[in-house]
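Please find below my notes on this model, set out as numbered points. They are meant to be read with the structure open alongside.

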Amino acid sequence: MVTIKSKREVELMREAGRIVALAHHEIKGFIKPGVTTMDIDQLVERVIRDNNAIPSFKGYGGFPGSACTSVNKQVVHGIPSAEVILKDGDIISVDIGAIYKGYHGDSAWTYPVGTISKEAELLLAVTKQSLFEGLKMAKAGNRLTDISHAIQTHAESFGYGIVREFVGHGLGKNLHEDPQIPNYGLPGKGTLLKAGMTLAIEPMVNMGRKEVRVLKDNWTAVTIDGKLSAHYEHSILITKGDCIILTAL
Ligand code: MG
Ligand code: MG
């Protein structure tokens, strides 16, 4: 069931979203060659807890980190580690969730480490734009897959692969609520969008093939061809006009 949030619930989700955005703001200037993914995780957790919130992911399904840190061919759910040291030219997707007074915010961003290749730069730019193409369609009166289709069309026009195994989702009191929001598909199908719905839209785009596999740690998803992958996500509120981004400062 897709819930409509009250004004009070939206206010709490705005604050959860602000804290997630603040954590992203902090790590943006922190990510550089020599930093470990554990360093990033600790910074994220500190920002969240300093703002009277709780990391959404820590312990979720047994996940050990406060952030998911996915480097290069890793698509999502990379586990923070003191042994993963970032190098010049890497890209890293950092997914952050925070719970404020019982409500979640969820946002992912892919960051360059030092100087990255032109090809990697394009992947990041296109994946980010595919999120915003989806957000343009996220308004009351449209159907869920209008978002999906806009994302897919943009990313595939560059020859990239859209990940199928992981999707966006509703969120609120729970990190994952109905509906599931695929990043591909024909337009005009699925849930009718209504003002007051809160959704996390999150394209994962591979430079090569769309297929992924999960490593033996049972978390880390990687591209099957070993090529780079990027991930951008915002939590949003559906309105009658343009959606409102909740995971923004
Ligand atoms: Mg996320
Ligand atoms: Mg999410």
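1. Leaving aside its neighbours within four places in sequence, with which residues is histidine 24 in contact? The model is a predicted one, and in it histidine 24 touches Val94, Ile96, Ser107, Ala108, Trp109 and Tyr111, once those sequence neighbours are set aside. Histidine 24 belongs to helix 1, which spans residues 7–28, and the residue counts as buried because its relative accessible area, 8%, falls under the 20% cut-off.

2. The magnesium ion (ligand 1) takes its donors from Asp95 (OD), which is listed twice, from Asp106 (OD) and from Glu233 (OE), at 2.0 to 2.4 Å. Along the sequence, the donor residues of this ion follow the spacing D-x10-D-x126-E. Aspartate 95 lies in strand 4 (residues 91–100), whereas glutamate 233 sits in the loop between strand 13 (229–231) and strand 14 (234–237), so the pair ties together parts that are 138 residues apart in sequence. Both aspartate 95 and glutamate 233 are buried.

3. The magnesium ion (ligand 2) is coordinated by Asp106 (OD), His169 (NE2), Glu202 (OE) and Glu233 (OE), at 2.1 to 2.3 Å. The spacing of the donor residues of this second ion in sequence is D-x62-H-x32-E-x30-E. Aspartate 106 is placed in strand 5 (residues 103–112) and glutamate 233 in the loop between strand 13 and strand 14, so that this pair ties together parts lying 127 residues apart in sequence.

4. Which residue bridges the magnesium ion (ligand 2) and the magnesium ion (ligand 1), and how far apart do the ions lie? The bridging residue is aspartate 106, and the separation of the two ions is 3.1 Å. Aspartate 106 is buried, since its relative accessible area is 3% and the cut-off for burial is under 20%. By the same criterion glutamate 233 counts as buried, because its relative accessibility is 0%. Glutamate 233 is also listed among the donors of the magnesium ion (ligand 1) and among those of the magnesium ion (ligand 2).

5. Turning to the helix pairs, the axes of helix 1 and helix 2 (residues 37–50) come within 9 Å and cross at roughly 140 degrees. Helix 1 and helix 2 are therefore oblique to each other, because an angle has to be over 145 degrees to count as roughly antiparallel. The crossing of helix 1 with helix 2 is right-handed. In this contact Ile19, Leu22, Ala23, Glu26 and Ile27 of helix 1 meet Ile40, Leu43, Val44, Val47 and Ile48 of helix 2, and by class the residues divide into nine nonpolar, no polar and one charged.

6. For helix 3 (residues 118–136) and helix 4 (residues 144–156), the axes come within 8 Å and the crossing angle is roughly 155 degrees. Helix 3 and helix 4 are therefore roughly antiparallel to each other, as the angle is over 145 degrees. Helix 3 crosses helix 4 in a right-handed sense. From helix 3, Val126, Gln129, Ser130, Glu133 and Gly134 meet Ile147, Ala150, Ile151, His154 and Ala155 in helix 4, and the contact comprises five nonpolar, four polar and one charged residues.

Conventions
Residues are numbered from 1 along each chain as its sequence is written. Chains are lettered from A and ligands numbered from 1 in the order in which they are written. This is a predicted model: local features need pLDDT of at least 70, side-chain atom pairs count only at pLDDT 80 or more; totals for chains, interfaces and linings use all residues. Side-chain values use heavy atoms; hydrogens and water are left out. Helices (H or I, at least four residues) and strands (E, at least two) are DSSP runs, numbered from the N terminus. Buried means under 20% relative accessible area, exposed over 50%, partly exposed in between (1.4 Å probe, protein chains only). Contact means heavy atoms within 4.5 Å. Donors are N, O and S atoms within 2.8 Å of the metal (3.2 Å for Na, K and Ca); water is not among the atoms, so sites may look incomplete. Axes are lines fitted to C-alpha atoms, for helices over the stretch in contact, and angles run from 0 to 180 degrees between N-to-C directions. Angles under 35 degrees count as roughly parallel, over 145 as roughly antiparallel, 65 to 115 as roughly perpendicular and the rest as oblique. A crossing is left-handed if the near helix is turned anticlockwise from the far one by less than a right angle, and right-handed if clockwise. Ala, Val, Leu, Ile, Met, Phe, Trp, Tyr, Cys and Pro count as nonpolar, Asp, Glu, Lys and Arg as charged, and the others, Gly among them, as polar.
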